[in-house]
Each structure stands twice: as C-alpha cells, then as structure tokens.
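Here are my notes on the structure you sent over, in numbered points. Have the model open while you read, as I jump around the chain a bit.

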Amino acid sequence: MKKFTLGNSKEQVLNMIPKQSIKKVLVGEHKIALLRIEDNFHAFQASCPHRGASLLEGTFNQRGEIICPLHHYRFDLNTGDVKAGSCGDLEIYRTELKENGLEIILP
Ligand code: FES
C-alpha cells in the first residue's frame, strides 16, 4: 500500500479541482483519474477495464457511477463494480481530504 498526498492544503486541492470535474493525476508512476462531486473525491484507474477508453472523458450520474464514453459501461465509484456491461471491475483508490492535501492510497 502506498500513500500519496496531492497538494499542500485542503484549500489548494479544492481550488485545483473544480466541482463536477475529472482530472488526470500522476501518482508515482500511475496515471489515475480523480473526480470531484461536490466536496467528495473519487480516484480510479484512468482507462476503462473494457477496451481501455479514457475515463477522463467519461461522465457520471446521480447514482455515483462513472460512465465510459466509448460503450457506455457503468462502474460504481465507491466499489468499482461494473454495473452495466461485461468486463472486469474498475480499480478504485481510497481518498481522504485532509488539512495538508488530498491523500490517495494505492494498493
Ligand atoms: S471501452 Fe469502456 S465501455 Fe468499452
């Protein structure tokens, strides 16, 4: 398990990542996607487990699912479970917004 901290403060992270946006973040050697919904952050693998489309171009719905732009498979942002489609689950990473930045934990 590896812990990374994005930014230097909570305010910096909130300013850097606007609400309802998905950003690419390099964490060590991993390129991951970071989605902010209101003040909640979801970190997950940036490429779709189906055929590798970029989830940075994805959309999300009110059920807390990220939707792939290519074949519209849906993945639960809290568990990574595939909700529509047939492929492996999405890798998700735990995040915690702290006073010194956003902590992201990779396996
Ligand atoms: S590449 Fe994502 S659903 Fe097919």
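**Notes on the fold**

1. Let me start with Arg94. If you skip the residues within four places of it in sequence, Arg94 is in contact with Glu103, Ile104 and Ile105. Arg94 and Ile105 are eleven residues apart along the chain, yet their C-alpha atoms are separated by 5.3 Å. Arg94 itself sits in strand β9. Is Arg94 buried or exposed? The relative accessible area is 52%, so Arg94 counts as exposed, the cut-off for that class being over 50%. Bear in mind that this is a predicted model, so every number here is computed from predicted coordinates.

2. The strands around Arg94 come next. β9 covers residues 92-98 and pairs in the antiparallel sense with β4, residues 40-45, over two bridges. One pair to click on is Ala43, whose bridge partner in β9 is Tyr93. β9 also runs antiparallel to β10, residues 101-106, and five bridges join these two strands. Here you can look at Lys98, which has Gly101 of β10 as its bridge partner. What joins β9 to β10? It is a hairpin, and the chain gets from one strand to the other through two residues. As background, strands of a sheet pair through backbone hydrogen bonds, either parallel or antiparallel.

3. Then there is a sheet built from β5, β6, β7 and β8. These four strands lie in the order β5-β6-β7-β8, the pairing is antiparallel, and the sheet is open. Why do β5 and β8 each have a side without a neighbour in the sheet? β5 (59-60) and β8 (82-84) stand at the edges and have a single partner strand each, so one side of each stays unpaired within the sheet. For the β7 end, strand β7 takes in residues 74-76 and runs antiparallel to β8, with two bridges between them. Phe75 is the residue to find there, as it stands opposite Val82 in β8.

4. Asn61 deserves a look of its own. It lies in the loop between β5 and β6, the latter being residues 65-67. Despite the loop position, Asn61 counts as buried, because its relative accessibility is 17% and the cut-off is under 20%. A polar atom of the Asn61 side chain lies 3.0 Å from the backbone nitrogen of Arg63. Beyond its neighbours within four places in sequence, Asn61 is in contact with Ile67 and Arg74.

5. Two backbone angles may catch your eye on a Ramachandran plot. Most residues other than glycine have a negative phi. Gln20, however, has a positive phi near 60°, and Glu38 has one of about 50° without being a glycine. Where are Gln20 and Glu38 found? Gln20 is in the loop between α1 (10-16) and β2 (21-27), while Glu38 is in the loop between β3 (30-37) and β4. Gln20 is partly exposed at 39% relative accessible area, and Glu38 also counts as partly exposed, at 42%.

6. On annotation, the UniProt record (an unreviewed entry) places "domain: Rieske" at residues 9-104. Please keep in mind that such annotations may be inferred rather than shown by experiment. Over residues 9-104 the chain is 45% strand and 7% helix. The end C-alpha atoms of that stretch are 14 Å apart.

7. Finally, the chain as a whole. How many helices and strands are there? The chain has one helix and ten strands, and from the N terminus they run β-α-β-β-β-β-β-β-β-β-β. The radius of gyration is 13 Å, which agrees with the value near 13 Å for a compact globule of 107 residues. Along the principal axes, the C-alpha trace spans about 40 × 30 × 20 Å. Buried residues make up 40% of the 107. Among contacts with a separation of 6 or more, 40% come from residues 24 or more positions apart. The accessible surface is about 6,100 Å², and 44% of that belongs to carbon and sulfur atoms.

Conventions
Residues are numbered from 1 along each chain as its sequence is written. This is a predicted model: local features need pLDDT of at least 70, side-chain atom pairs count only at pLDDT 80 or more; totals for chains, interfaces and linings use all residues. Side-chain values use heavy atoms; hydrogens and water are left out. Two strands pair if DSSP finds at least two bridges between them. Buried means under 20% relative accessible area, exposed over 50%, partly exposed in between (1.4 Å probe, protein chains only). A polar contact is a pair of N or O atoms within 3.5 Å; within protein, one must be able to donate a hydrogen and the other to accept it, and residues adjacent in sequence count only if both atoms are side-chain atoms. Contact means heavy atoms within 4.5 Å. The radius of gyration is taken over C-alpha atoms; the globule rule is 2.2 Å times the number of residues to the power 0.38. Accessible areas come from the Shrake-Rupley method with a 1.4 Å probe; for residues, only the protein chains shown count as cover.
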